[in-house]
Amino acid sequence: MMKKQTRRIIILVILFLMMMTLITPVFLQTQLRLGMNEEIGIQRDERWVFSIHPEEIVVDENVISPAPSTINPQSIEWSNTNPQVAMMGFDSMSQQFVISPQANGTAVFVGSDGVNPSLRIEVNVLEGIAFETVAQTIDIQQPLQLEVVTQPQADLLDFKPSFRSSDPEIVAVSQDGVALGVAEGTATIFTHFLGFETSLELTVEDLPDFSYDLEKIELNMQSSVQIPYHLSIYNEEIDPTITWASSHPNIVEVSSEGLLTAFNRGIATISATVNGQTYDLLVQVKSNVVDFQIEEKELTLNKGDQHTLNISFNPDIYSNYPITWTSSKPSIAQVVNGVVTAIGAGKTTITAQVDTFRQEVDVSVEVPLESITVSPSNVRIYEGQGVQLNPLYHPSDTTTKKAPSFTSSNPQIVRVDDKGFVVGEGVGSAIVFVNNAGFQYSVSIQVENRLDEAGNQIVSGNYRDGVVSFEGINFPMNRSFILEIPFESQFAFVTTVDLEVVLPTNFFDEEQPLFDQLVLNNGYIGKEVLLNIRKSTQPVMRYHFENYDFANHNLWANIQKETSTLGDGQRQQWLLTMPITTDQTHNLRWYIHEQLANQRVSSFILEGNEYVLVSSDLMIDAQGFVQLNNFAEGTQLALEVPRLVTPFYTQWYFVVGVAFLVIVVLTGVIIGSKRSKPKSLDVE
């Protein structure tokens, strides 16, 4: 029974001792000397015990024997900088000092016996140390500052851990905690502080000098962003300059600092060139513009005016978005930043392009009429003579409708038609008023008699568009008159003049003219002149002067048609007196008839009372003219031409006879049909 109780007591004692071992603080023991400067690290559950060497002290880091030779620990007085971190006690039995941690931090104990040098003990209370820097991969020649902290965080007086590398040929580390990649591989970095130790694994790779932090960047138009990249050049001998470029600057532009600015939708490649190597980054520009509108759809401006178009964006945050402006006809209207400037008369289309949105404005530019004048503005004409009034519009490119009206203040003196052609009706003066779109101009017209030295009145034809017409002229019946083909001012600058001359039928009595002469104005002297003279619509004769020199000369050939014949009676005879001397340079062509084209004409000269044959080889050309050359002025000619035979079925008597015959036949048919009608019979 006693043995069992003894065993139970022994077991309980052993268990008690084991429990006490678990809860009893760890004692760290050492022996110190006065004059020392000791630094220790201790955890909160530990106790640090030390004794004082009784016979030795430290002076200038040298151990010597003090005087007196025996040091009494109880005579040492201690100071404590931070009692909240650690406390000190003294065990008189063991003659030892005990430092008990209270909290994490640093407490400095200084002890002195008043004779020998003081003993300084720096106590750092902490649970451990750890790398704040995480395990990572670094580049060759890349420095990395290692960060070490206490755990938990403790406010230590002088926390300076030491460092070492497991393989300095891969990763070298300084005592300041700067790791440097040396070669590719993996090494472990150890750090120590007052008995505490921890480690960190670093991998070294030969990384690219440059890398982007993104594989692709997406931007909205009109936005900017800095390119995220990583530059890892640690060799001071290598130039770290980055040269930026964009494959499509119109889509996205990159600055020398790597700032992207998006302009238009699309995809561009941004390239960064570093140390001779180029690195590409894909950039896509998108648009968030929902809609783009121009308020004006049509616009009418006067020349010289400006108008700013009203534009709108949806959303309106894109109101500063760039717009591409164009004009289909810049000579009519131009556009710059939405401001339309009217340049000239006409129509054009202004186009605005925003991303995929396109708007058009139809622009009409008008040039309003400012005034009118008339050319000529002061007119002197002769009775029977005409002149064309030409309105001049200012500005000349006006778009105002040109519809002038003409009125005469005295139509008995001056007559004017709706085209502005003025004719002198009687001697005197009158005013012609020209009106257009509210503007008026007055032209003074003076009508005079024009007589030659013999008292013959000279009547000038009216020129318009290459035609000189004497139609509509009231020629004098009580005196002789001369027809003059006028010389227009525009003829002064040309060498050849081609004119149609129209003579009215009332200027003739059968075939004989009622005028004395037909003359060309002396202004034509020295010019090549072609005259086609007509009697109303009927051709009469043509002149061709290579160098006109018949000043004041009558050009009318006196023509008579004879019914007698010189030959076989199948030909008709014309008698005429040559008005000019003809040759190859000055020739006269007389009209016979185009139906007689390619027929021969015989010419005779009157000598005395007889006609002498000159030529039988003259030919009528395709226009019905025969050309008379090599005849002297005043020569009397007789021309025999084939008689123009009219088909019998076109004669009036033939038509009347046929009509009469048809009537007779129809009458007989009607009467016969009535007689042959059967009578009705009555049958009983």
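Strands, as I use the word today, are DSSP runs of E that hold at least two residues, and they are numbered from the N terminus. That is what a label such as S38 refers to. One more point before I start: this is a predicted model.

I begin with a loop. Pro 376 sits between strand S37, residues 371-375, and strand S38. The peptide bond leading into Pro 376 from Ser 375 is cis, and its omega is near -5°. There is another cis bond to show you, from His 394 to Pro 395, again with omega near -5°. Pro 395 is also in a loop, this one between strand S40, residues 390-394, and strand S41.

S38 and S41 bring me to a sheet. Which strands make it up, and in what order? The sheet is open and has 4 strands, in the order S38-S45-S44-S41, with mixed pairing. At the edges are S38, residues 378-382, and S41, residues 405-408, each of which pairs on one side only. From one strand to the next, the twist averages 25°. If you look at S38 and S45, the latter being residues 439-448, you will find that they run parallel and are joined by 5 bridges. As an example of partners, Tyr 382 is bridged to Glu 448 in S45.

S38 turns up again at the largest pocket. That pocket has a volume of about 440 Å³. Its lining consists of 24 residues, and those nearest the centre are Gly 386, Val 387, Gln 388, Tyr 463 and Glu 488. Which strands each supply at least two residues of this lining? They include S38, strand S39, which is residues 386-388, and S47.

S47 covers residues 462-464, and the loop from there to strand S48, residues 467-469, contains Asp 465. Asp 465 is not a glycine, yet its phi is positive, at about 55°. Is Asp 465 buried or exposed? It is exposed, because its relative accessible area is 71% and the cut-off for exposed is over 50%.

Asn 598 can be described in a similar way. Its phi is positive, about 70°, although Asn 598 is not a glycine. It is located in the loop between strand S58, residues 586-591, and strand S59, residues 600-607. Asn 598 has a relative accessible area of 60%, so it counts as exposed too.

Now an antiparallel pair. Strand S14, residues 162-165, and strand S17, residues 185-193, pair in the antiparallel sense over 4 bridges. Where do the side chains of S14 point? They alternate: Phe 163 and Ser 165 are on one face and buried, whereas Ser 162 and Arg 164 are on the other and not buried. Ser 165 stands opposite Ile 189 of S17.

The last residue is Gln 359, in strand S36, residues 357-366. Gln 359 is buried, because its relative accessible area is 13% and buried means under 20%. What does the Gln 359 side chain reach? It comes to 3.2 Å from the backbone oxygen of Phe 292. Leaving out residues up to four places away in sequence, Gln 359 touches Phe 292, Gln 293, Ile 294, Lys 297, Ile 350, Thr 351 and Ala 352. Phe 292 therefore appears twice, as the owner of that backbone oxygen and among the residues in contact, where contact means heavy atoms within 4.5 Å.

That is the end of my list.

How values were computed:
Residues are numbered from 1 along each chain as its sequence is written. This is a predicted model: local features need pLDDT of at least 70, side-chain atom pairs count only at pLDDT 80 or more; totals for chains, interfaces and linings use all residues. Side-chain values use heavy atoms; hydrogens and water are left out. Two strands pair if DSSP finds at least two bridges between them. Axes are lines fitted to C-alpha atoms, for helices over the stretch in contact, and angles run from 0 to 180 degrees between N-to-C directions. Buried means under 20% relative accessible area, exposed over 50%, partly exposed in between (1.4 Å probe, protein chains only). A polar contact is a pair of N or O atoms within 3.5 Å; within protein, one must be able to donate a hydrogen and the other to accept it, and residues adjacent in sequence count only if both atoms are side-chain atoms. On a 1 Å grid over the protein atoms alone, a cavity is a set of points where a 1.4 Å probe fits but cannot get out, and a pocket is an open set with protein on both sides within 12 Å along at least five of seven lines; lining residues have an atom within 4 Å of a point. Grid points are joined across faces, edges and corners, and a volume is the space filled by probe spheres set on the points.
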